[in-house]
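Reader: I should like to learn how the features of a protein model are read. May we take them one at a time?

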Amino acid sequence: MGLSSPLEDKKLAVIGVGAMGSALVRGLIQSGKVKPEQIVAADIDPSKLAGIQTLGIPTTDDNKSAVQQSEIVLLCVKPQVMDDVLADIAPVTDPKKHCVISIAAGVPIARIEASLPQGTPVIRVMPNTPAQVLAGASAIALGTNADENHRKIAHEIFSAVGLVVDVPEKLMDAVTALSGSGPAYVFVFAEALADAGVNLGLPRDVALKLAAQTLLGAAKMLLETGKHPAELKDMVTSPGGTTIAALSVLERQAFRGAIIEAISAAHQRAKELAKSSSE
Ligand SMILES: NC(=O)c1ccc[n+]([C@@H]2O[C@H](COP(=O)([O-])OP(=O)(O)OC[C@H]3O[C@@H](n4cnc5c(N)ncnc54)[C@H](OP(=O)(O)O)[C@@H]3O)[C@@H](O)[C@H]2O)c1
């Protein structure tokens, strides 16, 4: 760990070590950004804590105790239990000591700030499930009391499990619709690619491997070359060739329009869910 790491000498409480909390913990340890003894994991489910203990990380079933031992508090519980957890930890949260980071989908920063002592720095993050394989995409929004140093801390944590971008909170529903739900759209696309291969006589396992690696390779080219997707598409598309034959069918079937409308529907639903959870 470099001397300038914003996580150096900090202790992290991870409240809720289910799918996402445990992925974050594993990513942080694997990346070497924190040592196991810098983390304390809290959960009400002993089986989740047992999994974390194998990494050499201290665990507790007492959220308050975890918060008292740390400076950074990562809230990785389901949105439905967030109010209970906030009420639990509020009495031991110190605005001068703690930075609270929530990954709960649809829980606004204002609601978290209102449940904690005045002045508590709060950050909201929307990660996605590929965080489990250290290839996540996370968007970060700062609360009213969070400063540049808190932003750096959040970047350091979430870059352990993939890519990180900053967005204003008003765009979190758009992030949820694009990259939060996105892996599901990509899995459907991968399945369709594999089905197409099977239809043409490829064995299922071969078709699925080719589909997955094609998605991974294309994504890597996009990120690593920085080229516009249209330019990369043109590189594969020779005059009168196979690719343009397929692309003309996709255009006729309104492939792009279907994606744009699908993600608009997810965005609409994210807004509805955020509204109903605050009523
Ligand atoms: N998974 C995703 O794709 C994704 C993406 C972006 C954001 N998120 C957000 O990440 C958060 C966690 O999701 P997840 O999929 O990791 O959920 P999860 O697997 O259910 O993990 C949550 C953990 O918290 C525990 N818990 C429940 N109440 C608690 C309490 N009062 N104190 C301490 N621990 C408690 C749960 O135990 P029990 O199982 O016994 O209840 C469970 O072990 C959610 O808010 C979700 O919106 C998830």
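Reader: Is I260 buried or exposed?

Author: The general idea is a share of accessible area: buried means under 20% relative accessible area, exposed over 50%, and partly exposed in between (1.4 Å probe, protein chains only). I260 has a relative accessible area of 59%, and therefore counts as exposed. The residue belongs to helix α12 (residues 255-277). Its C-alpha lies 34 Å from that of E148, with the two positions 112 residues apart in sequence.

Reader: What should I know about the origin of this model and its numbering?

Author: This is a predicted model, in which local features need pLDDT of at least 70 and side-chain atom pairs count only at pLDDT 80 or more, while totals for chains, interfaces and linings use all residues. Residues are numbered from 1 along each chain as its sequence is written, and side-chain values use heavy atoms, with hydrogens and water left out.

Reader: How many helices and strands does the protein chain have?

Author: Helices (H or I, at least four residues) and strands (E, at least two) are DSSP runs, numbered from the N terminus. The protein chain has 12 helices and eight strands. Its C-alpha atoms fill a box of roughly 70 × 40 × 35 Å along the principal axes. Of the 279 residues in the chain, 38% are buried. Helix α9 (residues 204-225) contains K209, which is exposed at a relative accessible area of 63%. The C-alpha atoms of K209 and A190 are 9.4 Å apart, and the two residues are 19 apart along the chain.

Reader: Which residues are closest to the ligand?

Author: A residue is near a molecule if one of its heavy atoms lies within 4 Å of it. Here 21 residues surround the ligand, and M20, D43, K48, V77 and A105 are the closest. The shell divides into 13 nonpolar, four polar and four charged residues. In this division Ala, Val, Leu, Ile, Met, Phe, Trp, Tyr, Cys and Pro count as nonpolar, Asp, Glu, Lys and Arg as charged, and the others, Gly among them, as polar.

Reader: Where are the polar atoms that lie close to oxygen atoms of the ligand?

Author: A polar contact is a pair of N or O atoms within 3.5 Å; within protein, one must be able to donate a hydrogen and the other to accept it, and residues adjacent in sequence count only if both atoms are side-chain atoms. A polar side-chain atom of D43 is 2.8 Å from a ligand oxygen. For K48, a side-chain N or O atom is 2.9 Å from an oxygen atom of the ligand. A105 uses a backbone N or O atom, also 2.9 Å from a ligand oxygen.

Reader: Is T237 buried or exposed?

Author: With a relative accessible area of 17%, T237 is buried. T237 is in the loop between α10 (229-236) and α11 (242-252). A polar atom of its side chain lies 2.6 Å from the backbone oxygen of K233.

Reader: Which sign does phi have in D9?

Author: Most residues other than glycine have a negative phi. In D9 phi is positive, near 65°. D9 lies in the segment before β1 (12-15) and is exposed, at 72% relative accessible area. L134 also has a positive phi, near 60°. L134 is in the loop between β6 (122-126) and β7 (136-142) and counts as partly exposed at 33%.
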